[in-house]
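Student: I have the sequence and the structure open. Can we go through them by question and answer?

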Amino acid sequence: MSATPATTPGEGSLSAETGAARAWRWVREHAVNVVAVLVVIYLLVPIVVIFVFSFNNPAGRYNFTWVGFTLKHWSHPFSDTELTKAMLTSIKLALLATVISTIVGTMMAIALVRHKFVGRRITNFLIVIPMATPEVVMGASLLSFFLVLGTPALGFETLLIAHVMFCISFVVVVVRSRLIGFDRSLEEAAKDLGAGPFTTFRLVTLPLILPGIFGAAMLAFALSIDDFVISNFNSGTTVTFPLYIFGAAQRGIPVEVYVVAMILFFATVAAMGFATWQQRRAEKMTAIRPEQEAADIALPGVA
Amino acid sequence: MVAALRRRTPAYLLLAPGALWLIIFFVIPLYFMAKLSLDTEIPGTLHYRFTWEWSNYKEALELYDTQFGRSFIYAGIATLLCLIIAYPLAYVIAFKAGRWRNLMLFAVVAPFFTTYLVRTLAWKTILSNESPITEILHAIGLAPSGHILYTGFAVIAGITYNFLPFMVLPLYASLERIDVRVLEASKDLYASATSTFWKVTLPLSLPGVVAGTLLTFIPAVGDYVNAEFLGGANNRMIGNVIQSLYLTQSDYSAAAALSFVLMAVIMIVVFIYIRFAGSEALMGQEAV
């Protein structure tokens with residue numbers, strides 16, 4: 001592209017070249033932006049479709065083509081007892097899996113960041129591998145395990161075991177990244193002021209890594225409530241929300257599924273907003289001290 | 001020695017519950033599955049006997065080699081499409097979005113907030129014959145003529161959509177980490193925007209490319225929801241086969257053998273990648 005204007009000689013060519021180059025650059029820069037906006041639209045289209053079709057009034061049992069607008073599914077989103085029961089099972093399962101995996105995963109993250117021990121590499125490996133394993137393989141191998149042992153019977157317990165298993169790795173990774181960016185002098189200060197290790201942890205470490213733990217818990221909850229593949233292998237007769245949808249897909253999907261999915265969407269967005277707000281507050285709080293310190297050091301240097 | 005042991009005890013105590021959970025419910029089940037894949041069924045019962053039955057592998061692979069190959073082809077195409085679609089978006093979010101950055105990042109993760117299965121059902125609507133999107137795709141020649149739903153095109157489209165955020169987030173993370181001064185230096189040294197991209201930006205974002213490719217490809221190969229909802233009988237993937245062998249046909253040995261081959265092939269791919277990129281790429285970027 002730079003070669004073309006160079007062939008035209010003369011005084012005006014320089015300004016023409018930069019003008020053309022500038023125009024070309026403008027087009028190109030904006031082309032990237034246009035592509036990005038198109039991709040954003042692409043990402044959001046299915047969400048809009050789900051939202052719009054939650055107001056649909058389909059004639060048959062399938063909610064795939066638009067028939068007409070109605071509010072009846074939004075006014076009674078929990079009228080389908082089977083669906084409501086499945087949703088409640090999912091929430092209960094996700095809450096339990098989140099609590100267990102967050103506690104256990106946070107402990108692992110602390111051990112990995114704060115302690116030197118033999119077997120670190122293998123522990124890291126143990127944490128990465130489940131994330132690099134396809135869900136079918138995880139689900140199938142757990143089912144083999146339960147089948148061979150014959151216990152526990154497939155159902156809520158086996159689902160809980162499976163969900164905690166695949167959540168742990170993600171919790172460790174999230175909490176670990178928070179612990180790595182952690183100002184350890186705060187803990188040393190607490191120790192210098194006579195606090196024992198437990199008090200230091202409770203009053204200094206825990207509040208500071210809490211946003212990380214909260215983020216990890218939210219991720220675990222989201223992974224658990226959305227899991228279909230692993231649950232499909234290990235559920236027995238227990239039905240979660242995704243399992244209900246999969247079962248219903250063969251015999252017709254009630255519009256309430258779209259309504260409940262949308263309610264779940266808005267609830268998650270609200271929780272995300274709250275978490276971001278909390279994290280910003282926490283960052284502001286921890287940022288005050290080092291900034292003042294930096295100003296104190298910088299001022300005499302300038303003078 | 002004793003003191004050293006005592007100092008280390010808290011580390012092992014902190015690790016124990018999580019590590020044991022992963023060993024008992026992830027590692028040991030893999031061992032059980034390996035064993036099951038070499039078992040023979042005692043005729044007429046649902047019981048199995050361990051006999052080093054390698055023919056399970058041979059038979060399963062001979063029977064399902066099409067689905068196996070198809071899974072890797074579909075996942076490969078989808079991963080490539082994800083990379084092509086995700087890179088401009090990640091680039092704009094990292095360098096050009098300004099005050100729109102958080103909103104765009106929200107758009108990237110927003111699909112995760114809708115249930116996976118419902119999202120995939122929405123694609124059934126989007127790609128149906130009556131949908132305006134289908135008409136547009138036909139008009140610009142992007143889709144094969146005829147109906148789109150229940151074809152490989154629909155399955156690949158679904159996989160691409162569902163795993164796109166896994167590509168965007170690591171790409172964004174590695175692009176965002178690039179020091180803008182390096183890009184300015186390249187410009188100061190009279191590199192064109194194109195050569196700055198190919199010689200500076202792209203190589204510096206390679207860890208993100210590697211992590212994103214892995215995070216998209218691994219779940220895509222094993223996926224069976226998209227093939228189940230959007231594909232037809234000719235688009236079944238290895239995940240569908242494993243699922244139906246386990247859950248409806250109760251042919252556990254063949255299913256276990258297929259799972260193991262799938263796992264093995266993916267592990268080989270991952271190890272090649274990790275040697276090439278360092279394990280931190282997988283560990284550090286997964287955090288998003």
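Tutor: Two residues are in contact if their C-beta atoms, placed from the backbone, lie within 7 Å. This is a predicted model, in which local features need pLDDT of at least 70, side-chain atom pairs count only at pLDDT 80 or more, and totals for chains, interfaces and linings use all residues. Residues are numbered from 1 along each chain as its sequence is written, with chains lettered from A in the order in which they are written.

Student: How many residues of chain A are in contact with chain B, and which helix gives the largest share?

Tutor: On the chain B side, 74 residues take part, and they are in contact with 70 residues of chain A. Of the side of chain A that touches chain B, 16 residues form the largest share, and they come from H2(A).

Student: Which residues of H5(A) are buried?

Tutor: A residue is buried if 20 or more other C-beta atoms lie within 10 Å of its own, exposed if 12 or fewer, and partly exposed in between. The face turned away from the buried side carries the exposed A:Arg121, A:Ile122 and A:Phe125. The buried residues of H5(A) are A:Thr123, A:Leu126 and A:Ile127.

Student: Why are they on the same side of H5(A)?

Tutor: The arc is taken from the directions from the helix axis to the C-beta atoms. The buried residues lie on the same side of H5(A) because the arc they cover is only 90°.

Student: Where in chain A is confidence lowest?

Tutor: pLDDT is the predictor's confidence in each residue, from 0 to 100, and its mean over chain A is 83. It is highest in H10 of chain A, at 94, and lowest, at a mean of 44, in helix H1 (residues 3–6) of chain A.

Terms used. Helices (H or I, at least four residues) and strands (E, at least two) are DSSP runs, numbered from the N terminus.
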